[in-house]
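This briefing is intended for a first-year student who is learning to read a protein structure. Please keep the model open while working through the points below.

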Amino acid sequence: MIAAHPQARPSAGPDLSTSWYEASARTRVRLLLDPSSFREIIGPEQREVSPHLRLFDLPEQFDDGIVVGTGRLDGKPVLVAAQEGRFMGGAFGEVHGAKLTGLLRAARDAASASVLILFDTGGVRLQEANAGELAIAEIMRAVIEARLAGVKVIGLIGGRSGCYGGGGLIAGCCSALVVSEQGRIAVSGPEVIETNRGVDEFDSRDRALVWRTMGGKHRRLAGGADVFVDDRVDAFRAAALDLIASSGSFGLHTLEAEQARLADRLRRFGACQDSLDIWAEEGVADAASVPGMPADQFIALADKVWRIPRDAR
Amino acid sequence: MTPDDVLDSLFPAGHDVRKEAGLLFGSAELPSGGKVLVVGVADRTPVGVDEAIRLSGHVLAAMNEEPSPILVIVDSDSQRMAKRDEMLGLNEFLSHLAKCLIFADLSGRPTIGILYGHSAAGAFLATALATRVLVGLPSADPVVMDLPSMSRVTKLPVEVLQEKAKSTPVFAPGLANLAQTGAVHLTWDVATPLSDQLEALLAAMPDSVDRRGALGKERGGRPKAMDVAERVRTLALQGL
Amino acid sequence: MEDLTLRHTTRERARGNRQMAIIGVVASGNLEVLTERVLPENECVVEIRTAAEGFGEVWAAVVADFVERHSPGGIRFAINDGGARPDTVSLRLAQAARLMESDQ
C-alpha cells in the first residue's frame with residue numbers, strides 16, 4: 001500500500017514515506033520536523049521517571065513515555081509533544097502529563113510558535129489515575145490559554161493506542177486534528193462500554209464496529225477530525241502545515257460556532273443507529289464501501305461530502 | 001445531600017435554579033448583591049452528548065450578559081457509555097463544555113465547582129475539573145478510576161489495591177485523595193451555611209492562574225508535576 | 001523489581017564521539033537502552049532495572065558476550081526492561097553500541 005522509496009539508500013533508515021502507525025514516537029518527531037531541528041527537553045538522560053510505578057512492580061521509561069521539545073516545521077519554530085503508545089498504552093501519568101502541560105504554557109507565553117501534539121494514548125494511567133486525570137485537566141486549560149494567545153494547537157492521531165479517554169478530550173480542545181485510518185478517537189474504550197453496558201450495546205471484538213464508530217474515516221466524515229491522511233509521515237507533515245496556516249483565531253465566536261455545529265449534528269444524526277446511516281445521510285452514495293476504501297479515494301470522497309468550517313472547534 | 005439542600009444552603013434568600021432531566025440551570029442573587037450563574041448535574045446523571053450540549057449552551061448564553069461568577073454544581077455519573085454518544089463525537093461535546101467554562105473563567109466570570117456527590121472520568125473533566133476553584137463537600141465521592149475496574153485490568157485483587165492505596169493518594173478514589181493531589185482546592189463543612197463559605201471564597205477568590213500543580217506539591221500528592229511543568233516551560237521558552 | 005549493575009573492562013574505547021543515544025521502548029518483551037559516553041575509555045557499565053527477578057546470571061552472560069564482541073569502552077548503558085528475551089537484549093545492546101559509533 002505504501003510505495004517503497006525509489007532510491008535505495010546505503011543506510012537503511014526510515015524515510016518520509018514511513019508508516020506513522022509503525023513508527024516510534026521518537027521516529028515520528030524526527031521525520032515530521034525539519035532535519036536535525038529537534039531539541040528534546042527533559043530527555044531520557046535526565047531520568048525524570050514516574051515516582052509511582054515501583055509500587056506496582058512496573059518498569060519505568062526514562063522519558064515517561066512522552067517526547068517533548070522544540071523544532072522547526074518548514075523553517076518555522078514549533079513546540080512538539082509525541083506520546084509513545086507502546087509504553088503503558090501511552091497513558092497519562094504525573095510526569096508524562098506535566099511535560100505536556102509545561103510545553104503548552106511555554107506556547108502560551110511565547111505566543112509565537114505553533115504546537116503539534118502527536119497523540120497515542122489510552123487515556124489516564126491507572127496506577128497514577130488521579131495524577132493523570134489532573135494533568136489532563138491542566139493540559140486542557142493550557143491549550144485554551146495558548147489558543148487565546150493566538151497559538152495554533154494541532155493534534156495528529158494515527159498510532160496504535162489511538163486517542164482515548166482524557167486524550168480524546170484534549171484533542172477536542174485543539175485548533176484542528178489530523179487523523180489516519182488507524183487513528184481512533186473516543187472517550188470510553190470499546191471494552192469499557194461492553195463491560196458496563198453489555199455486548200449488545202457494543203461488541204468490543206467487532207473491529208469493523210469499533211472503526212465505524214470511533215475510527216479516522218468516521219471522524220473525518222462526521223466532523224470529529226479536520227483532515228484525513230494516508231498512514232505516512234509526509235502526509236501528516238503536509239496536513240499539519242496546512243492546518244497551521246488555515247486554522248482560525250479562538251474566541252467567543254469560535255465557541256458559538258461550535259455550539260451551533262454540534263447542535264446541528266445532533267439534530268441531523270441524533271437518531272441514527274449506526275455510522276453507516278450518518279454517512280448515507282450526508283450523501284455518501286455507497287456507505288458500506290467506505291471502510292475498505294483506499295486513502296486517496298476516501299480523501300476525495302470526504303472533500304466532496306464536506307470540509308470542516310474553520311470558524312468552529 | 002440533595003440538590004435542594006445544597007442550593008438552599010448556598011442561597012437562603014432564594015434562587016431560580018430548576019432541575020431538568022438531571023441538569024441544573026438558573027441563577028441566584030448573592031447577599032452582597034450581584035448575580036451568580038448556576039449550572040450543574042444532579043442525581044448522578046451520566047453526561048452524554050445531550051447533557052453536554054445543554055450545559056454548554058447555558059454557559060454560552062451567560063457570555064452575552066453582565067459578567068458574574070459561575071457555580072458548577074456536580075453530582076454526576078461518568079460520561080455516558082454508549083455507542084450512540086461515541087458515534088456522535090462525545091469527546092467534542094465534553095471538550096466544548098470544558099472550553100466554555102474555561103473561556104468564561106478567563107473572561108471575568110470566575111468559575112467555582114461544587115462537588116457534592118459523585119463524578120467520574122470524562123464527566124469530571126468536563127465539569128468540576130474545568131473550574132478555577134473546586135470545592136468539595138463532605139459527601140463528595142469523586143472517582144477517576146474505580147478499584148473493581150482497575151482490578152480487572154491490572155489482575156490485582158481489590159484488597160491488594162486497597163492496601164497499596166494506603167501509601168499513596170495518587171490512584172484511589174475519594175475526596176481526600178483528590179484534595180491531596182491538588183484537584184480539590186478546599187473542603188467546606190455542612191455545619192456552617194454554604195452561603196457564608198461561598199461569600200468568603202468570592203471575597204478571597206484567587207486569580208485565574210492554574211495552581212493545582214502547586215497544591216499537589218504542597219500537599220504531597222503530586223511531588224513532581226509542578227516542577228517538571230515549570231522546567232519544561234522555561235527550557236522551551238529558551239529553545240524558541 | 002531488581003536492580004543489577006555489571007562492570008567490565010574493555011580492550012578498546014567505543015568508536016565515534018556521540019555522547020548519548022536511546023534505543024527501544026519499555027513494552028512487553030522489549031526494553032530501552034540509554035547510552036552515555038561518561039566513563040574512562042576502558043570501562044563499561046551496564047545498569048539494569050527489571051521486574052523479572054532472579055535472572056542475574058542470564059543478564060551477566062548476555063552482557064559479557066556483548067562487551068566481548070563490541071568493546072564499548074567509555075559507555076554507560078542503562079536498561080529499563082519490559083521482560084525481553086536474551087536475544088532481544090543482545091539486539092538492543094548491539095543497536096545501541098552501533099548508534100554511539102555512528103557519525104552524529
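Which residue is the bridge partner of A:Val78 in S4(A)? The partner is A:Ser114. This pair belongs to a predicted model, and the points that follow place the pair in its sheet before turning to the contacts between chains and to chains B and C.

**The sheet of chain A**

- A:Val78 lies in strand S3 of chain A, residues 76-83, which runs parallel to strand S4, residues 114-119, and is joined to S4 by 5 bridges.
- These two strands are part of an open sheet of 7 strands in chain A, ordered S1-S2-S3-S4-S5-S6-S7, in which the pairing is mixed.
- Strand S1 (39-41) and strand S7 (227-229) of chain A each have a single partner strand and stand at the edges, so one side of each has no neighbour in the sheet.
- On average, and with direction ignored, neighbouring strands of this sheet are turned by 25 degrees against each other.
- In a regular strand, side chains alternate between the two faces of the sheet.

**Helices that lie across the sheet**

- From chain A itself, helix H1 (residues 25-32) lies across strands S2 (66-73), S3 and S4 of chain A, and its direction is at about 165 degrees to S3(A).
- From chain B, helix H11 (residues 225-239) lies across S1, S2 and S3 of chain A, at about 160 degrees to S1(A).

**Contacts between chains**

- Of the 2 pairs of chains that touch, chains A and B have the most contacts.
- In that pair, 73 residues of chain A are in contact with 67 residues of chain B.
- Helix H3 of chain A (residues 129-148) gives the most to the side of chain A that touches chain B, contributing 13 residues.
- That side of chain A consists of 41 nonpolar, 17 polar and 15 charged residues.
- The contact between chains A and C involves 13 residues from chain A and 15 residues from chain C.
- By class, the side of chain A that touches chain C has 5 nonpolar, 2 polar and 6 charged residues.
- Chains B and C have no contact with each other, and their closest C-alpha atoms are 14 Å apart.

**Chain B**

- Chain B contains 11 helices and 9 strands.
- Its radius of gyration is 18 Å, close to the 18 Å that the globule rule gives for 240 residues, so chain B is as compact as a globular protein of that length.
- Of the 240 residues in chain B, 54% are buried.
- Within helix H1 of chain B (residues 3-10), the residues B:Val6, B:Leu7, B:Ser9 and B:Leu10 are buried.
- Seen down the axis of H1(B), the buried residues fall within an arc of 165 degrees, so they line one face of the helix.
- Strand S4 (70-79), strand S5 (111-115) and helix H9 (194-203) of chain B are among the elements that cover these buried residues of H1(B).

**Strand S3 of chain C and its partners**

- Strand S3 of chain C (residues 31-37) is mostly covered, with 5 of its 7 residues buried.
- Strand S2 of chain C (residues 20-24) pairs with S3(C) in the antiparallel sense over 5 bridges, and C:Ile23 has C:Val33 as its bridge partner in S3(C).
- S2(C) and S3(C) form a hairpin with 6 residues between them, and C:Gly29 in the turn has a positive phi of about 80 degrees.
- S3(C) also runs antiparallel to strand S5 of chain C (residues 75-81), to which 7 bridges join it; here C:Leu31 stands opposite C:Asp81 in S5(C).

Key: Residues numbered from 1 in each chain as written. Chains lettered and ligands numbered in written order. Predicted model: local features only at pLDDT ≥ 70, side-chain atom pairs only at ≥ 80, totals over all residues. Contact = placed C-beta atoms within 7 Å. Nonpolar A, V, L, I, M, F, W, Y, C, P; charged D, E, K, R; others polar. Pairing = 2+ DSSP bridges. Helix = DSSP H or I, 4+ residues; strand = E, 2+ residues; numbered from the N terminus. Axes fitted to C-alpha atoms, helices over the stretch in contact; angles between N-to-C directions. Buried ≥ 20, exposed ≤ 12 C-beta atoms within 10 Å, placed from the backbone. Arc of directions from axis to C-beta. Rg over C-alpha atoms; globule rule 2.2 N^0.38 Å.
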